[in-house]
Amino acid sequence: MKNRLRVIRIKKFFRKRIIPISILAGVALSIVNICCLSVLYGSISTMINISGEGKVEKAEESNLTLSLSDYSQIKITPTGYSLESNNEISYTGLYIITGSSTSDTPLIICNNASSGGYNGAVFNIKLVDATITGQTWCTATVIEGDCSSVVNIETEGTCLSRGYNHPGISSRNYENVLNLNVLSGSLTLSTATTSGFPTNINISNTALNGFASVTFNGNNLTLTDSGYSGPATFNANGTIN
């Protein structure tokens, strides 16, 4: 009789816990399913992004604004930029150059193989109300290096690049290509007066010098002195004074 009562009590004990155990099992199964779906969704999302399909938002083009009023010299390379004599900071997006500076080559675009440069490197620069002036015996804007470069310069507002005894924009590699686009306002490229310099000093009395080719789009571009001197032609679309 005692054994029978014991069996009945055990059965009642398990009956009371059937529902809670079932609920716990159901909750555990739901959690497992959610985790599996999350992993599957992540995998599908990754595959979609890799394939370039299904992207809802388009990434904004990166840009960086640097002021010549804050730094006397800005140097740009294919891998980054440096301010005055400081170390290079990694960056490869669009540069927006503003402000005013009169110094030894305020704006340098350098493409050297020894420092990560390569032939055909593309530089995208926008000048916004920028005044770039080379101090005595100095240049203003220069593209240098042992690798060929494609330099795209857009301008907004009133912009000037004027060397002292150098062109407004000078290229030290005859394979470089310059594309100028005046979006609004005006752009003036010039060299300072060269009168009175000794005859044995090599003076590049031009606004632009040394490029394989130069193209221009827009209006209100002023080239002083003899305009452009180089191995290729200067093709212009718009008004050139």
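This passage describes the surroundings of Leu127, the cysteines and the salt bridges of a predicted model.

Residues are numbered from 1 along each chain as its sequence is written, and side-chain values use heavy atoms, with hydrogens and water left out. Because the model is predicted, local features need pLDDT of at least 70 and side-chain atom pairs count only at pLDDT 80 or more, whereas totals for chains, interfaces and linings use all residues.

Leu127 is located in strand β7, which spans residues 121-134. Strands (E, at least two residues) and helices (H or I, at least four) are DSSP runs numbered from the N terminus. With a relative accessible area of 7%, Leu127 is buried; the term buried denotes under 20% relative accessible area, exposed over 50%, and partly exposed the range in between, for a 1.4 Å probe and protein chains only. Beyond its neighbours within four places in sequence, Leu127 is in contact with Ile97, Leu107, Ile132, Ile153, Glu154, Thr155, Glu156 and Cys159, contact being defined as heavy atoms within 4.5 Å. One of these partners, Glu156, is 29 residues from Leu127 along the chain, and the two C-alpha atoms are separated by 6.3 Å. Another partner, Cys159, is buried at a relative accessible area of 2%.

A search of the whole structure for disulfides (pairs of cysteine sulfur atoms within 2.5 Å) returned 0. A disulfide is a covalent bond between the sulfur atoms of two cysteines. For Cys110, the closest cysteine sulfur belongs to Cys147 and lies 9.1 Å away, so the two are too far apart for a bond. Cys110 is buried, at 4% relative accessibility.

The search of the whole structure identified 2 salt bridges, each defined as a side-chain nitrogen of Lys or Arg within 4 Å of a carboxyl oxygen of Asp or Glu. Side chains of opposite charge can pair when their charged atoms come close. In the pair formed by Lys126 and Glu156, the closest N and O atoms are 3.6 Å apart. Because Lys126 lies in strand β7 and Glu156 in strand β9 (residues 149-156), this salt bridge ties together parts that are 30 residues apart in sequence. Lys126 is buried at 16% relative accessibility, whereas Glu156 is partly exposed at 27%.

Glu144 and Arg172 form a salt bridge in which the closest N and O atoms are 3.0 Å apart. Glu144 belongs to strand β8 (residues 141-144) and Arg172 to the loop between β11 (169-171) and β12 (177-182), so this pair ties together parts that are 28 residues apart in sequence. Glu144 is buried, its relative accessible area being 18%.
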